Amino acid sequence: MCGIVGYIGDKRAYPILIKGLSRLEYRGYDSAGIALLQEDNAIKIYKRQGKVLDLTEFIGDASTEGTVGIGHTRWATHGLPNDVNAHPHSSGDGSITLVHNGIIENYDVLKKELIKRGHVFKSETDTEVLVHLIEDIKEKSGVALEEAVRIALNEVHGAYAIVVLSTDEPDKIIAAKKSSPLVIGIGEDEYYLASDATPIVEYTKNVVYLEDEQIAIIHRKNGMRIISLRNKEVSPYVQELEMQLEELEKGGYEHFMLKEIYEQPRAIHDSFRGRLNSKEGWVSLGGIKDYEEQIANANRIIIIACGTSWHAALVGEYYFEDLARIPVEVEYASEFRYRNPIIRKDDVVIAISQSGETADTLAALKMAREQGATLLGIVNVVGSTISRVTDAGSYTHAGPEIGVASTKAFTTQLTLLALMALAIGKRRRTITDKKFQVYLNELEALPGKIEKLLESDDYIKSVAAEYKDAQNALYLGRGSSFPIALEGALKLKEISYIHAEGYPAAEMKHGPIALIDENMPVFVIATQGHNYEKVVSNIQEVKARKGKLIAIVTKGDTAVRDIADHVIEIPTCDEFVVPILATIPFQLISYHIAVMRECNVDQPRNLAKSVTVE
Ligand code: M6R
């Protein structure tokens with residue numbers, strides 16, 4: 001979490017930093033701050049609790065000159081989200097200033113040591129320790145800034161992406177990373193630094209993704225050099241960004257989340273474009289082609305993920321076990337990494353992540369790597385860490401997802417899991433040709449069906465209005481719709497702050513049924529398929545307890561319509577794609593309820609888009 005930016009060149013740094021921070025605000029919005037190296041060689045720092053807008057209002061007409069600067073938007077870990085704990089943080093004499101994304105785990109030990117040596121701290125952050133440590137080293141050994149940073153980072157445990165300024169070396173910016181992302185954009189005699197490429201794309205498409213334990217030394221005149229923590233010279237690998245600027249704008253929608261919900265027909269189409277041909281009857285995922293044999297022969301597939309991506313993994317389990325007949329285990333990355341799991345060399349571990357930067361997922365991958373498993377990634381952000389540390393993988397091609405609540409990333413993850421399971425099932429001959437063909441047709445028809453479904457948005461909004469004041473909600477589903485119930489509940493919780501639970505419909509009678517009364521909205525996926533009649537029985541149980549029932553049904557359903565308070569129809573489809581289609585009404589319900597409750601839809605409280613701390 002936290003977003004960091006930096007600029008060195010001939011332009012005014014201030015507007016670049018502010019715009020960059022606004023783009024990165026999804027990573028954290030507890031406080032924001034900037035530091036500008038001014039012409040008189042003083043570092044001017046402005047920082048404020050709240051959002052980037054609060055910062056700019058606070059700065060007002062104050063001086064914002066300077067062509068070198070750094071900025072930060074915070075998701076608090078150590079210390080309250082207040083003005084003092086906001087970044088940037090400075091050394092005791094104010095000559096060195098830095099911004100940091102990550103956690104310095106041994107900050108307490110270092111801090112005590114530094115206090116003994118006379119350092120005085122202002123904040124409660126782990127970050128301030130790092131800037132004092134750099135100052136301490138610089139003072140003692142008189143080395144250049146980059147060397148002091150390098151020595152300091154060798155003493156630090158934990159995760160960091162940092163950008164550092166010093167009044168003693170005003171033509172330089174030093175950046176470094178370990179386990180937190182950092183991208184450097186290369187312009188004409190200028191450099192842009194950011195936690196991801198979104199603040200950079202409008203200035204240059206040439207970027208370097210800094211690798212772990214690398215330090216970039218960027219000099220206004222001499223250009224950029226990269227060294228390792230062990231002081232070895234590294235050649236920068238310059239890549240071209242594919243991202244388009246328009247993808248980062250709201251494009252007329254009131255919120256990014258709504259735009260991203262409406263982008264799903266296009267996003268899903270992009271996720272299977274060139275990978276599926278229903279006329280010729282094939283599926284081919286270029287990114288995992290060389291590993292198909294290995295996956296097909298895997299002893300077991302372990303899918304690791306967090307949050308919404310974990311819900312996608314649960315659907316993946318249904319897909320792989322049903323179509324490819326390979327045993328699958330789905331694990332929360334945060335649990336998996338700490339429980340000494342049994343991983344064998346012939347296991348295939350698939351990490352699912354929108355951001356490709358989730359700290360727990362990365363740590364779980366690292367552990368699986370050490371135990372010899374094959375690692376695959378299903379990732380949205382191109383060039384992200386997970387896409388680089390895995391052996392192979394496929395991008396979801398959802399495009400940038402800015403709303404903190406994941407929408408199009410989720411449905412494209414499901415699409416990709418379906419494609420992978422089909423490809424492997426075909427190779428293992430565990431799926432009949434007929435079924436294979438039906439499923440290809442179903443996937444290809446999805447964008448059109450989602451367009452159709454989105455036409456019901458006004459009706460869905462009217463349903464949402466009925467439940468906007470609910471205090472609790474239950475979401476039920478069976479089979480591959482159960483993870484969609486979990487996802488529906490998570491969406492409602494995270495953006496509208498209504499407590500919600502997802503449950504397998506049949507489990508309701510083992511406990512949650514006690515919660516049902518006339519005030520409890522119960523959202524149920526009751527689409528046509530082999531569980532239909534069983535779900536209808538569960539629905540009767542809800543109604544018998546006077547629960548308010550909102551059912552997602554297949555177009556034309558009459559049986560559930562007669563029982564439910566509201567039905568939302570999805571287009572007729574095979575149950576194979578129900579998880580994808582049934583997700584969309586739940587996204588819209590949560591969105592509208594959150595808007596009606598005047599919640600901050602795109603930046604819900606306490607959350608951040610990219611969870612780069614454990
Ligand atoms: O970037 P990732 O997919 O790895 O992120 C995982 C979760 O943090 C994420 O899905 C989170 O649960 C979202 N806020 C859900 O909307």
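**Second largest cavity**

I began with the lining of the second largest cavity in this predicted model. I listed Val5, Gly6, Ile16, Leu17, Tyr192, Leu193, Ala194, Pro199, Ile200 and Tyr203 as the residues that line this cavity. Three elements give two or more residues to that lining: β1 (3–8), α1 (13–24) and β10 (191–194). I noted that β10 supplies the largest share, three residues. Sorted by class, the lining of the second largest cavity has nine nonpolar residues, one polar and no charged ones. For its volume I wrote down about 50 Å³.

**Largest cavity**

I then looked up how many cavities of 30 Å³ or more the structure holds, and the count is two. The largest cavity has a volume of about 80 Å³. I found 13 residues lining the largest cavity, with Cys2, Thr77, His87, Gly102 and Asp126 nearest its centre. Strand β6 (residues 96–104) gives the largest share of this lining, three residues. By class I entered three nonpolar, eight polar and two charged residues for the lining of the largest cavity. As a reminder to myself, rolling a probe the size of a water molecule over the atoms shows where empty space is left.

**Backbone checks**

His87, one of the residues nearest the centre of the largest cavity, sent me to the peptide bond that follows. Is the bond between histidine 87 and proline 88 cis or trans? I found it cis, with omega at about 0°. Proline 88 sits in the loop between β4 (68–74) and β5 (89–90).

I also looked up aspartate 189, where phi is near 50°, a positive value in a residue other than glycine. Aspartate 189 belongs to the loop between β9 (183–186) and β10. I kept both entries because most residues other than glycine have a negative phi, and most peptide bonds are trans.

**Ligand site**

Next I turned to the ligand. I counted 14 residues around the ligand, and Ser309, Ser353, Ser355, Thr358 and Glu494 come nearest.

Which atoms of the protein lie at short listed distances from ligand oxygen atoms? I entered three pairs.

- A polar side-chain atom of threonine 358 is 2.4 Å from an oxygen atom of the ligand.
- An N or O atom in the side chain of glutamate 494 is 2.5 Å from an oxygen atom of the ligand.
- For glutamine 354 the atom is a backbone N or O, 2.6 Å from an oxygen atom of the ligand.

I then looked up the ligand's area: taken alone the ligand exposes 410 Å², and the protein buries 92% of that. The elements giving two or more residues to the shell around the ligand are α9 (307–324) and α16 (482–496). Of the shell, α9 gives the largest share, three residues. By class I recorded four nonpolar, eight polar and two charged residues in the shell around the ligand.

Last, I asked why the ligand lies between domain 2 (252–454) and domain 3 (456–614). Both domains give residues to the shell around the ligand, so I placed the ligand between them.

Note on methods
Residues are numbered from 1 along each chain as its sequence is written. This is a predicted model: local features need pLDDT of at least 70, side-chain atom pairs count only at pLDDT 80 or more; totals for chains, interfaces and linings use all residues. Side-chain values use heavy atoms; hydrogens and water are left out. A residue is near a molecule or strand if one of its heavy atoms lies within 4 Å of it. A polar contact is a pair of N or O atoms within 3.5 Å; within protein, one must be able to donate a hydrogen and the other to accept it, and residues adjacent in sequence count only if both atoms are side-chain atoms. Accessible areas come from the Shrake-Rupley method with a 1.4 Å probe; for residues, only the protein chains shown count as cover. Helices (H or I, at least four residues) and strands (E, at least two) are DSSP runs, numbered from the N terminus. Ala, Val, Leu, Ile, Met, Phe, Trp, Tyr, Cys and Pro count as nonpolar, Asp, Glu, Lys and Arg as charged, and the others, Gly among them, as polar. Domain bounds come from an automatic or database domain assignment. On a 1 Å grid over the protein atoms alone, a cavity is a set of points where a 1.4 Å probe fits but cannot get out, and a pocket is an open set with protein on both sides within 12 Å along at least five of seven lines; lining residues have an atom within 4 Å of a point. Grid points are joined across faces, edges and corners, and a volume is the space filled by probe spheres set on the points.
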